[in-house]
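Let's work through a few exercises together, one step at a time. Keep the sequence and the 3D view open while you read.

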Amino acid sequence: MGFKAFRGSSFNHSHENQAFNALYDMLSAEWEERDEQLYLFGNFFVAGKELDALIVKHNAIIVIDFKNFGGEITFSENGPWYCDDVVVKGGNSRNPFLQIRSNKFALLDYVKNGRIEFHSKPNLGHIAGLVMFHQPIELDEGQIPQQIKSWFHVCDLNKALRTIDAIASAEIDLSSRELASIEYAFSVPEYFPDGKPVTKVITIAANDSVENVFTPIGIQKAVLKQANDWLKSDHCSFILKGMSSSGKRTMLRQIVRSAIDKNKSLLLIAPNARLANKYTALGIGEFSSIYQVLYSNKSDGIVKKSNGVELAKHPIILTNEQVRDKVIVIVEAHLISNSYYDMDSAVFGSGHMVNDLLTAFDTKPPKLLLMGDPYQLSRGDLDQCLLSAQALKDKELDVEEVFLDQQIESEPKELHKFQFEIAQQMQLQQFNQLPTADNDVVTQMANGSVIGQDIATGRYHAVYLSALNDVAHKINFAAKQKVLQQANPYMLNVGDLIDFHTSTPVITVQANVNEIEPSTDWIHSGEIATVTHVNEHIETVELLLKGRDVTTTVRIGYFRCNVPTLGETSLSYIVDYLHAEKPELTQDQMLVLSIKAREQAANAFGALKDRLDRIVDKKSEQYLSEKKKYDELIQNHIAHSPLLNAARIRYAYAMTVHRAQGRQWNSVYLDASRGPSGESITNDSYFRFLYTASMCAETNFNLLKYPKLTPLYQAQFVPNSNCKVGPFSIVKGFSYQIPERQELEKIVFPIGFNSGVEELKALFFCVANKLTGSDWRISEIKQHSYQEIYTFEHSSKKKIRVRFTYDKSVTVKTLVFPDMENERELTIELQTLLDSSVSVDVPRLNVALGTITSFLDSSDYNVVQAKERSEWEMLVGISNNTESIELKVYVGKDGMVSKIMPEKASSEEVITFFREALNE
């Protein structure tokens, strides 16, 4: 690849990070296919000036500054710039042109001072400047004087690639060596958007259903090749799965780019409008909500539920003609479900979203690219999740799945490591070990006042997450009462943070007609807003329903709030929804709203109904036409009724993990005591809950009531009447594994080794590996019956002998250091190097053995021997040099230790110690 990127640190503003990453993606994709080189530098200092970005290629040097504006640009050489009516400053300069010019001359002086030596003698007066706007702009190029236009350029991200490609000078021709010298002179670290290419590879279970699993080497190129082959084929579905920081978004950019290069028409879809905006901001393309693409925003009828509640039915509008020959790209596909779903007042299509989507697929379906995280909580049943592809398989559409099995190291490393370890257990379906939470990023903590202060600080600063709504409800109330110290925490107050649970339209009532029309402004589900005013008046809607003894009431309140996407907005809200223990209304309350909305619609069009009733011939064309018009007006009025569309809001200080999914806060506090499916923590549901909660944290993940889950979690110490009690000792030998045959064949043995025994070769292989990178080497081996005498030579030329004794099975029983008295310090150093952890061959048993070893860390006991008796049982020898015990350890299929039984002990006291320690 002819492309390299460097960046000093993260930018101070997220929009600058986004712009730099978008530029990185465009350039890396383009220069992947070129032989020429291009270097991109970001956020670094030159001669005291901070440069947003710098591009160096063989025929150009381009100083870049990012601006987060969009609209019509008004240029001025010395005066202010405007974007529409907003002033665009240039850092500390009056405008972006002056800022770029200042940065250009700082770079010019830096180079002329001899910091970089150019043998090609480029004309540095031809250094170019580029102001790059993050949002689409319009600019009349005629505003820029010709003498400036020769080196100064303005564009937005959409035109960035074309502009950068066009900037070239006949008087600049840098060689590869000169490009490398620029890299050296600036000393800026190389940049990787998904972190440095340090990877961890998830272990795949033998029975895993994913067919295509790539090694870490060249994984992204391999996936891109497979995606390109898919784009050229007649196959329908391509599914890209991966955990956090596995490069999904990088691959998405590349695949979208490849599709565009192949002249494919794209339809980019996200699960909701909020995520659509987020992905659009990444510069990949214009994303739309699946609701916007799939369903009409107008109702075409009413669906009456069994409880009498009427739902406005929004029909499917996506057709086969609209998707034919397209590539449909759906991101975060784990958040789209085929399980039935309706809102309080509306149902979209059949209520089964994936089935609705597939109705647009004809005999020749479009191409469907799905991307998502298989380890997160799904909406509805797991097998109904779009990412599972079950609905596609039921429709007999071919499905090609790719699993990104490597996690690329990126910040915060501790959080990604935590996520990796949870995902690994979900992958293997072994729910017996929770990761540690003992660092500054992933922390185990107790309740404290700092939590309340943190979650009440501001939007997306911090949140308290739980499995259950009632817990979130209590925390929200506590934040209002104890932290914010509101006079009446039982009501909505100015300053409250609120979370919109449904997308809420801003309703406009037309003055001249009774019709209600929706505006184009929506507050999307998942928006968090700040309350700026609360109307004291609460409207009560009440009705005595048939068969009820008391009146059912619904309270409607009015308030204003600051919504980041819309600014200050006035809305009504359902008070009972806000303050209920769970975010829902009772069936009776929904029925009352439904009845009242219909009554209001009937009153609004009473005159039209009277005219309709006066038509005698109910089968006449006039009656049928008038009836159709009346029904449509009633349906439209109900669908956009202020009662039914009053905002469903909840306080945003605490919420469930399901509710928080897909959003990020700087800090997350999680009640980890249980998952949403019950109190058991040794199952997929709990691990999925924990993983999803961690995905909501950007910087810190704080765990409250975090269980101490290890393979010993359910272990029982079982007495053994046949246990032999009496003095005996266990010594630690040397544990080694037999490597692959081809590795053994490459070994060059030292003087004195002359054996064909595979185990002795493996012993040498393991001992030699332990010396790698140290000051020691093996200079000689003397071989005797049941013992090997190794001579180790230190870099100081001093030598230490070690006697390895073994039994008939070539299991090393003891290590003897005969030179201890003469060279104590060097001998201890060598002992430390050769110290080997005890292990067995069965991975499940080995994990349990590691847990026992960790369990003993707080005591003076150590595991010194281990021997597997079957795939379910092992014998573990433990000693503290005074007392010894051999324990039979039984490990179930789930990796959990079921029971531990003493088989041999040096005394009753050591049995008592282990019984009490394990029973605790």
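**Exercise 1.** Work out why Ser245 counts as buried, then place it in the chain.

Step 1: Ser245 has a relative accessible area of 15%, and buried means under 20% relative accessible area, exposed over 50%, partly exposed in between (1.4 Å probe, protein chains only). So Ser245 is buried.
Step 2: Look up its place: the loop between strand 13 (237-242) and helix 7 (248-261). Helices (H or I, at least four residues) and strands (E, at least two) are DSSP runs, numbered from the N terminus.
Step 3: Check the backbone. Ser245 isn't a glycine, yet its phi is positive, about 55°.

Before going on, a word on the source: this is a predicted model, where local features need pLDDT of at least 70 and side-chain atom pairs count only at pLDDT 80 or more, while totals for chains, interfaces and linings use all residues. Residues are numbered from 1 along each chain as its sequence is written, and side-chain values use heavy atoms, with hydrogens and water left out.

**Exercise 2.** Give Glu332 the same treatment: is it buried or exposed?

Step 1: The relative accessible area of Glu332 is 14%, so it is buried.
Step 2: Glu332 sits in the loop between strand 18 (326-330) and strand 19 (346-348).
Step 3: Its phi is near 50°, a positive value in a residue other than glycine.

**Exercise 3.** Find the order of the open sheet of five strands, and see what packs on it.

Step 1: The order is 23-35-34-24-33, with parallel pairing. Two strands pair if DSSP finds at least two bridges between them.
Step 2: At the edges are strand 23 (442-445) and strand 33 (654-656), each pairing on one side only.
Step 3: On average, neighbouring strands here are turned by 30° against each other, direction ignored.
Step 4: Zoom in on strand 34 (residues 665-671) and strand 35 (residues 697-704), which pair in the parallel sense over six bridges. Leu670 has Leu703 in strand 35 as its bridge partner.
Step 5: Helix 21 (residues 684-695) packs on the sheet and touches strand 24 (462-466), strand 34 and strand 35; contact means heavy atoms within 4.5 Å. The direction of helix 21 makes about 140° with that of strand 35. Axes are lines fitted to C-alpha atoms, for helices over the stretch in contact, and angles run from 0 to 180 degrees between N-to-C directions.
Step 6: Helix 13 lies across strand 23 and strand 35, at about 60° to strand 35.

**Exercise 4.** Describe helix 13 (residues 413-428) from its length to what follows it.

Step 1: Helix 13 has 16 residues and reaches 22 Å from first C-alpha to last, close to the 22 Å expected at 1.5 Å a residue. The expected span is 1.5 Å times one less than the number of residues.
Step 2: Its buried residues include Leu415, Phe418, Ile422 and Met426.
Step 3: Next comes Gln429, with a positive phi near 55°.

**Exercise 5.** Say where Asp835 lies and what it touches.

Step 1: Asp835 is in the loop between helix 24 (824-834) and helix 25 (843-855).
Step 2: With 47% relative accessibility, Asp835 counts as partly exposed.
Step 3: Leaving out residues up to four places away in sequence, Asp835 touches Lys732 and Lys770.
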